[in-house]
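Student: I should like to take a close look at one part of this model, beginning with a hairpin. Please describe it in detail, and then relate it to its surroundings.

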Amino acid sequence: MDIRILGVSKEFGRVGALRGLDLEIRSGELIALLGPSGSGKTTLLRVIAGLEFPSAGRVFFGTDDATGLPVQERQIGFVFQHYALFKHMTVFENIAYGLRVRRRGTASEIARRVHELLDLVQLAGFERRHPRQLSGGQRQRVALARALAVDPRVLLLDEPFGALDAGIRRDLRRWLRDLQGRTGHTTVFVTHDQEEALELADRVAILNDGRIEQVGTADDIYDHPATAFVMSFVGDTTSIPVDFDGHRPSFQGVGFDTCLLGAYRGPGRLYVRPGDIDLTAPHATSPCGVVRSIHRTAAGRRAQVSLGTADTLIDVELDRSTEIKAGAKVGLRFRCGRIFEVKAG
């Protein structure tokens with residue numbers, strides 16, 4: 001089922017949490033809501049769920065206007081960060097709870113449905129255990145099974161792996177991607193973890209200050225950011241103050257060549273990623289700097305370079321063959337087509 005968010009605003013007193021937001025979620029897709037704290041992503045999820053009602057705008061489930069529907073009438077499956085399992089109930093009872101409350105079948109039908117879900121989430125044989133007897137990853141899978149038990153039209157996940165360590169998070173991301181592909185539920189996933197969003201989602205919606213900055217695939221978001229915020233928020237980025245003279249930027253009076261989309265005049269900023277910079281021999285026609293340090297990352301090595309006489313620091317990805325030491329003077333070449341410029345101001 002597709003979801004359409006049309007002009008939705010949400011205010012808490014004088015604070016605008018959502019500001020005229022539009023978003024279309026396709027039937028059967030997994031979409032991630034990604035943004036910094038306070039960007040509005042959890043508020044948007046709660047509006048979709050019916051836990052909050054918009055101050056303005058409409059919410060449609062398919063062709064049905066769901067704006068004023070209470071949560072119990074929306075057929076929503078909701079999974080929280082901290083599981084929200086009933087500690088005094090077994091795994092079986094936790095999953096069966098919603099079916100019993102909503103009187104979804106006889107006792108034997110409910111039992112059959114619970115065992116189907118235990119197989120689906122790979123927890124067959126765990127039905128008699130209590131939450132305290134499970135690992136964090138297992139508890140989260142029980143929470144997902146409970147959300148799926150009532151056959152929801154939409155599955156909503158609010159930071160579902162936030163309380164887990166990195167190794168378990170990675171495993172559960174792969175598992176959830178496979179599970180969603182098998183069930184086909186329209187799924188909305190809130191996270192502050194960029195890697196999680198880019199790996200897991202069919203599309204990512206980047207939120208900032210209650211507005212959507214960009215919606216797209218992981219490649220769209222990373223390689224073709226629509227705004228300076230998206231460029232600086234997703235992935236590692238250096239912002240460099242420059243002066244534009246048509247198609248040619250300059251830094252501290254040194255002009256350099258790169259491919260820019262459009263011509264600008266006046267001061268502005270260029271945004272560039274560590275992997276999109278090459279170190280060269282110092283040259284009068286390119287910005288130059290000094291290597292301040294070299295450090296190791298999970299992906300390899302990086303050099304931190306101070307640019308010109310300013311305090312601008314740039315991280316540069318080094319390939320395995322690069323031999324360089326702290327204190328070396330270097331030139332910098334920004335690869336054609338890999339610099340994302342903002343409008344000169």
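Tutor: In this predicted model, strands E16 and E17 form a hairpin, with 4 residues between them. Within the turn, Gly 300 has a positive phi of about 160°.

The two arms of the hairpin are E16, residues 288–296, and E17, residues 301–307, and they pair in the antiparallel sense over 7 bridges. Two of the residue pairs may be located individually. Ile 294 has Ala 303 in E17 as its bridge partner, while Ser 293 is matched with Gln 304 of E17. As general background, strands of a sheet pair through backbone hydrogen bonds, in either a parallel or an antiparallel arrangement. It is also general that side chains in a regular strand alternate between the two faces of the sheet.

E16 has a further partner in strand E19, which covers residues 329–334. E16 and E19 run antiparallel and are joined by 3 bridges. One residue pair here is Val 290 with Lys 329, the latter lying in E19.

The hairpin thus takes its place in an open sheet of 5 strands, whose order is E15-E19-E16-E17-E18, with antiparallel pairing. The edges of this sheet are strand E15 (277–280) and strand E18 (313–318); each has a single partner strand, so one side of each is left without a neighbour in the sheet. From one strand to the next, the twist averages 45°.

Elsewhere in the model, the largest pocket offers a second point of interest. The space in this pocket amounts to about 450 Å³. Its lining consists of 17 residues, and those nearest the centre of the pocket are Ile 76, Gly 77, Phe 78, Arg 102 and Arg 146. Strand E6 (76–79), helix H2 (91–101) and helix H4 (136–149) are the elements that give two or more residues to this lining. Sorted by class, the lining of the largest pocket comprises 12 nonpolar, 3 polar and 2 charged residues.

Helix H2, one of the elements contributing to that lining, also packs with helix H3, residues 107–120. The axes of H2 and H3 are 10 Å apart, and the angle of packing is about 125°. H2 is therefore oblique to H3, the oblique class taking in angles that are neither under 35 degrees, nor over 145, nor from 65 to 115. The crossing in which H2 passes H3 is right-handed.

Note on methods. Residues are numbered from 1 along each chain as its sequence is written. This is a predicted model: local features need pLDDT of at least 70, side-chain atom pairs count only at pLDDT 80 or more; totals for chains, interfaces and linings use all residues. Side-chain values use heavy atoms; hydrogens and water are left out. Two strands pair if DSSP finds at least two bridges between them. On a 1 Å grid over the protein atoms alone, a cavity is a set of points where a 1.4 Å probe fits but cannot get out, and a pocket is an open set with protein on both sides within 12 Å along at least five of seven lines; lining residues have an atom within 4 Å of a point. Grid points are joined across faces, edges and corners, and a volume is the space filled by probe spheres set on the points. Ala, Val, Leu, Ile, Met, Phe, Trp, Tyr, Cys and Pro count as nonpolar, Asp, Glu, Lys and Arg as charged, and the others, Gly among them, as polar. Axes are lines fitted to C-alpha atoms, for helices over the stretch in contact, and angles run from 0 to 180 degrees between N-to-C directions. A crossing is left-handed if the near helix is turned anticlockwise from the far one by less than a right angle, and right-handed if clockwise.
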